Every structure is written in structure tokens, then in C-alpha cells.
Amino acid sequence: MSETGLIDRLPRVRGKLIENAALKDITWLRVGGPARVLFIPADEADLARFLAETPRDIEVNVLGAGSNTLARDGGVDGVVVRLGPAFARTEPLEGARLRAGAGALDKTVAKAAAKAGIGGLEFYVGVPGTIGGALRMNAGCYGTETQDRLIEAVALDRRGRRIVASREELGYGYRHSDAPQDWIFVEALYQGEADDPDAVTRRMNDITARREETQPIREKTSGSTFKNPDPALSEGRSAWQLVDLVGGRGRRVGGARFSELHANFLINDGSATAEDLETLVEGVRADIKALTGVDMEWEVKRLGERAGR
């Protein structure tokens, strides 16, 4: 990556601009090269101005908690935006509604809703990451998705313009939205229902216990690696079953492996590179395609450039 002049081309901000920030330190898989500049905006207005005044030829990406991101070894030759505490607020509202910043952890939103006696958002306790990522990919678990509870989302586009989009306008599907790629979500408004806080908390505890029994949540993992394919194409098999079918469970490349507990979870044993992880996944993906004809789609977002490319 070029080392000259990028930060000098960026507008003045009230937040933080950090050069050559190590992405491996802020992603759950703990791999990846540096971002030439990491930007942590002070608030929405700071982010809007940054987007409006940053030259269009400079690449701008957003990174939430890094739970669903594979940062490549070659790093990011541009700016990575990370939403800080100003975007992590939650606010219960009348009518069993809740407003949440896009930088809030999903589990924090679930807990805030429970405390306020709002049911319906407890599924978020089982979703790693932040609300921004949940809005982008219609995140969910155990039968409930973001679209089921969302009223509207607020985003900034690449020109810094503020957009308020309804659930219908976001064009949600399975682990997908039609939101333009240049949008950075900053806020969401949810509709729940009045419920007993203790009852909501019990349901959250049940979700947590279920995850701990079936998923390697205490390891360096990014969660589900592949999206579940169309059942009509996969003969009803889910992603983990297809990984199993080609002997992917426990398969390794360097320090990377697919979990023995849940075959669709990608794990860094501590010594993996991003190239190890990507090579492993692409190998399993090719085997599934060759055996079944199913073209598996990554659920993990890949960010940056592969080393030496």
C-alpha cells in the first residue's frame, strides 16, 4: 500500500484519525493488515461532514465490532470508519419502542429492551456484532430477524446526506438488504411489545445457553461462515450439513480450521493468517460445488486486499 499523503487529503474532524491501524486488533478473527487510516467520528455530524468532504477516489469502509469480518493480510488502502461511544446509545420509548445507535452491541440492545420491559428483541442476545451490521445483513437467530422488529433505520450516504429508510425500503431478504453499499447506518428504531422484564430475561438466558451448547462462542471465530443455501438447490441441507458432507468439520489450513462443534464456524487457533482462513473456506466451498453443484455464499465480510496482490 502507498504510504504517502492520505491523511493530508482528509478533512479536519472532531473525532480521531489513526494512521496504519492494525485491523487484527479490532476484529474477532484477530487477523489482517493495517488500515491506512482508521476514523472514529465524534458524532453523526462529524461523520456526515467527513463523508461529504472526503475526495471520492478515497475508499471508505465501515467496521462495527468486527465479529463478522475477515480483514485480509494486505490491509485496506483507504479509510475504515468505526463508530464509537456516541453511536452506542439505547433509548426506550413509549409504545414499547426502542431507539438504538448503530454502534451499540446487539446484546446490549437486547438487555436494554429487557430492562425496559420490551419483549421481541431478545434474539439479539444471540447475535454477535453491532446494530449497524445487523441492519446491513438482516441479522437474526432462532427464528427472528432484524426485519421482524425494525420500524426504520437512519443512514448517511457517501455524500454525507442523512437518509431515513423504512423496513420496506431496505428490501430485506435472508441475511441480505438492498441498502446501497455506500450507506453507513447510524441509528435504528424498533417495535417490541410490553412484557415482564424477568420473562424477557429468561428467554435471553435460554438463547445464551443454547448457543453455548452448540457454537464455539469462546474461541476466535466469526460466527457462521456460509449463508444457508436455497433448500431447493441443496436438497434441504443447511450450510453446516454441506460442510460436513465434504469433510469440512475440523479441516485445517495452517492455524485456521472449521469448528468440530459447529461445522459452519471458522476458527483462528491463534497462529492463522487471513490467507489461511480464506484458503480454507474457498477449499471447502469448491468441494461443495464439485460434489453438489451448490455455489455457497460467504456470510463473513472480507475487507481489504490479499497480501502481495
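This briefing covers one helix, one buried alanine and several salt bridges. The model is predicted. A search of the whole structure finds 29 salt bridges. Helix α7 spans residues 274–292, and Glu 278 in that helix takes part in a salt-bridge network.

**Helix α7**
- The helix has 19 residues, which should span 27 Å at 1.5 Å a residue; the end C-alpha atoms are 27 Å apart, so the two agree.
- Its buried residues include Ala 274, Leu 277, Leu 280, Val 284 and Ile 288.
- Among the elements covering the buried residues of α7 are β4 (69–71), α6 (239–245) and β18 (265–268).
- Gly 293 follows α7, and its phi is positive, near 85°.

**Salt bridges at α7**
- Glu 278 and Arg 306 form a salt bridge at 3.7 Å, N to O.
- This pair links distant parts of the chain: Glu 278 sits in α7, and Arg 306 lies in the segment after β19, 28 residues apart.
- Both Glu 278 and Arg 306 are buried.
- The network of salt bridges links Arg 72, Glu 275, Glu 278, Glu 282, Arg 285, Asp 295, Arg 302 and Arg 306.

**Other salt bridges**
- Glu 53 and Arg 49 pair at 3.1 Å, N to O.
- Both lie in helix α1 (residues 44–53), 4 residues apart, about one turn of the helix.
- Glu 53 is partly exposed at 43% relative accessibility, and Arg 49 is partly exposed at 42%.
- Glu 212 and Arg 218 meet at 2.7 Å, N to O.
- Glu 212 is partly exposed at 40%, whereas Arg 218 is exposed at 69%.

**Ala 112**
- Ala 112 lies in helix α2 (residues 106–115).
- Its relative accessible area is 16%, so Ala 112 is buried, the cut-off being under 20%.
- Beyond its neighbours within four places in sequence, Ala 112 contacts Thr 90 and Leu 98.

Key
Residues numbered from 1 in each chain as written. Predicted model: local features only at pLDDT ≥ 70, side-chain atom pairs only at ≥ 80, totals over all residues. Heavy atoms only, no water. Helix = DSSP H or I, 4+ residues; strand = E, 2+ residues; numbered from the N terminus. Expected span 1.5 Å × (residues − 1). Buried < 20%, exposed > 50% of the residue type's maximum accessible area, 1.4 Å probe, protein only. Contact = heavy atoms within 4.5 Å. Salt bridge = Lys/Arg side-chain N within 4 Å of Asp/Glu carboxyl O.
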